[in-house]
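Trainee: I would like to go through how the labels on this model are justified. Can we take them one at a time?

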Amino acid sequence: MRSNRRQFLLGSAAVLAAGASGFRPAFAADANLRQIFWGSQERANRTYKTNDLFTAANPGTKITGEFYAWNDYWPKLATETAGGNAPDIIQMDYRYIVEYATRQAIAPLDEFVGKELDLHDFDQDQIEGGKVNGKLYGISLGANSVASIVNTAAFKEAGVPVPDNNFTYDDLRAACEAFKKANIRGGMKAFQDGSGVEPLLENWLRQRGKALYTADGKLGFDAKDATEWFKLWNDLRNDGLIVSADDQALDTGPLDQTMVIQGKAAVTFANSNQLVAFQALTKDPLTITAFPRVGKDGKGGHYRKPSMFWSVAQQSKLQSDAAKYLSFFINDVNANKTVLGVERGIPAAASVRNAIAPTLSPQDQVALHFVANLGDLLGPIPPPPPSNAGEIDIDLILKTSQQVAFGQQSPEDAGPAFVQQATDILSRKG
Amino acid sequence: MTSEAIARPRPPRSKGRSPVASVIIHALLIIASIAMLYPLLWMLAAALRPQQEIFSTTSIIPSSISFEAFGRGWNGLQVSFGTFFTNSIIISVLCVIGNLAACSLTAFAFARLKFWGKNFWFALMLGTLMLPYQVTLIPQYVLFKDLGWVNTFLPLVVPKYLAVDSFFIFLMVQFFRGIPRELDEAAMIDGCSTFQIYYKIMLPLSVPVLTTAGIFTFIFTWDDFFGPLIYLNDMKNYTVTLALRSFVDSTSQSDYGGLFAMSVLALIPIFLFFLFFQRLLIEGIATTGMKR
Amino acid sequence: MTVRPLGADSDLPISGRTATAASPWRLFWRRNGAGYAFLTPWFVGFFGLTIGPALISLYLSFTDFNLLQSPHWVGDANYLRIFTADAKFMQALRVTFFFAVVSVPLKLAFALAIAMLLNRGLKGLPIYRAIFYLPSLLGASVAIAVLWRELFAGDGVINQLLGYVGITGPSWISNPRYALWTIILLAVWQFGSPMVIFLAGLRQIPQDLYEAAAIDGASKARQFWSVTLPLLTPVIFFNAIIQGIDAFKSFTPAFIISGGTGNPINSTLFYTLYLYQEAFGFFRMGNAAALAWILLIIIAVFTGISFLTSRYWVYYDE
């Protein structure tokens, strides 16, 4: 709105500063990059140490990092961006990158590739994952996959074999029935209710040759698919095989509320890089495995999803310095090996991945091997979701699933209603 | 007549209540107290127990006790909690002073003075209470950014000196109007200026409501996280409440034990503040009392 | 004791001296100067900090502002959509009205009852007062979210207690039929602020009025109805207005309990929570601003009605 005047003021301030420091030539060359990301102090420590390594290698470029919890991060970033005060280097999420890119809040990085930004041995699917409308807006900080978090102790107690990558939805029902019979820990279920889990629905659709969204931003499935999906879970729920509607609704997102941590179910649907975080919250040993197959030959549901990105603010005046930092972050073997590890996901640059693999903890190894050995489960990376899809992914799916679970809607009604509302949301402007 | 000559209400001491009634009242209060204290006990238990137990057990008694979470929490962020406590106390105290001074001036005008447009301004003042802050946040951010105040305490403190908290103005107006008007009139006949009436009559007689406003300002400021979240960038400037929110990221590994340990510690200053200043609610009035 | 609406004529003249005939400006200053002088800080704050952002938000409500790009004027499109095609708006209104209508009277009654109890000459009162204020100190602490689940989940403390009397309760906090009630309970449980204000109000009632009433042979109950309650009406009025406005704007309890989702099935989708989702979750700040101004009008109407009726039941000792 008033950015012209602001830029003018900033410009004059810079001129004044340059003039005042004329006798100190180094000052003019100094670049101070602001960096913002979500996460915990643990992630911050790793990031800040990497920043120090970068500054040591590039004297004159300083990086000031800030971090926030996920829920606080987005209002903070939106306010700063709207206020014309966006940080230069911004951690982005797979869902939000579309919103920020299509609204020109983050900058396309194509012009830096091959120069400041070295992507020569970067995984092609991770480059694709960072593209919106054909332009590169985010550099993947790690390849990730959806995964089932499995409480192996509970499975042993129930005398049920731990699910593996060939586990199907039929096996899921069988495991649930075996758990019901075994009746361990006050009626613990084998599985959480997955009907409101957007990645699980996507995975199920992809195995059936459909998708959540098409490349041109439309819904990639129809009411029949949706009905079948809600019915699948409704039958399991009605037979008392998965957690009740009451219990499932306790989960509003954070890890500590998931059914596996609450002890209500032995399996929760999440992401491969979260195994360590889950494990910190429970005494039972956990492992990860793939989402169920729709049948013995069901395949291609998974994909290597960028866990998160670094993006560069459109407002940044130091975009090429920022690109240089991004390049260092993803390519520097020493920084990745000694400080970054796989905390943000499995590195997408092959040389870095090979260098750090032997240094990982056993649990990190589990995640690395899981993502590396998905085999025929692995499919192509889907096109980025259309604008407004966030409301479907985080709100509508969950709400519809709860309406079915609490008996307010039959699966037969929920399917068409869901597709209708989703179509309305996608066609909404502004 | 001077201000000393005013009736000072005293707590109505119950005379001759039977011991049985007294026991019953205490029993009721103690039961209610447990319901009030339960969260604190639970938080303390969560801080003392092993982290893996926090979410999987409903028992309040930890299986084992360790104070380690307090040490871990205190230094759990890159800046120690000592800094956060200092920041919170500085901001809260500055806000208390600002609110008491600015809101009492404003409230005095609305409660006691006659001027053109009073009802209009009063309605506008109340109106500012009604707009959700979520939509004024960004314009306000731009304003403070243009002033160069981002990443300082100024956006959190300066508004209090400009009486932007309508809640406190309205509160004081209601109480000022309960103070007998003869006092002002008598003082005016004695030749007091309007400011002297405000300063020498109103304020001393308003200790309960000023105390209330002070306690609330302190606690509301202490508990606020959205303002600090938006305006503070450097962690060295964080308040306790904002720092606590940095402890737990719902998407990655977090130290819940440390969070609850620091949450308990964060309660102590505001609890003590309340405990200490609530005396003024009661005793402040009775100190210089003379019966009418 | 007389009934006196705000701004009645008996307000204090600003000076004892009579105004000598002078220019109209000087006359204006004589009559109004003190009032405006006392309001100076407020005026600076109002015009410097408050009104600008408020008017900008009003402007934005007629635009498609998406937080990240310059806003475009869309006329009444946001308002039109909210009133004609927004199921969530209606749901949010329902939730918020129900919450306000139930929680405000409960909270006020509870706060007044405890304040009366604590206003006696009991031993250990400061400690009790502080303990009763404790829940209000917790504010938006993450701990409350976890704690409330420990209490009201299916296998929570409440159901364990109910189990002793043979009742099997649902998971109160996550069942769409009861979830809102757990948030109402949370709001009532944090009754500390109105309690303290009531206490301060009770302190202000001159003791000699009770003594006079006692001499006249009035019972305790009679004293409450004819002395305490009338003299407390300004404070009751204040608490009712403030708690009402707070209830309509209530954000934090629902935000921490439902993790900002308003679930299960939008049964705890408070108005400002919906507004927040629209603004920061779905990048529709223009729409959120329209929602905010609709809320302002709703609150203003209710507050205005309250002020109009107040002259019939609020007593000021003037």
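Mentor: Begin with C:Ala37, which is placed in helix H1 (residues 24–60) of chain C; helices are DSSP runs of H or I with at least four residues, strands are runs of E with at least two, and both are numbered from the N terminus. This is a predicted model, in which local features need pLDDT of at least 70, side-chain atom pairs count only at pLDDT 80 or more, and totals for chains, interfaces and linings use all residues. Residues are numbered from 1 along each chain as its sequence is written, and chains are lettered from A and ligands numbered from 1 in the order in which they are written.

Trainee: Why is C:Ala37 called partly exposed?

Mentor: A residue is buried if 20 or more other C-beta atoms, placed from the backbone, lie within 10 Å of its own, exposed if 12 or fewer, and partly exposed in between. C:Ala37 has 16 C-beta neighbours inside 10 Å, so it counts as partly exposed.

Trainee: What makes strand E10 of chain A mostly covered?

Mentor: In E10(A), residues 265–271, 7 of 7 residues are buried.

Trainee: How do you know that E8 of chain A pairs with E10(A)?

Mentor: Pairing requires that DSSP finds at least two bridges between two strands. E8 (residues 146–151) and E10(A) are joined by 5 bridges and run antiparallel, with A:Val150 opposite A:Val267.

Trainee: Which sense does the pairing of E9 of chain A with E10(A) have?

Mentor: Parallel: E9 (residues 189–191) and E10(A) pair over 2 bridges, and A:Phe191 stands opposite A:Val267.
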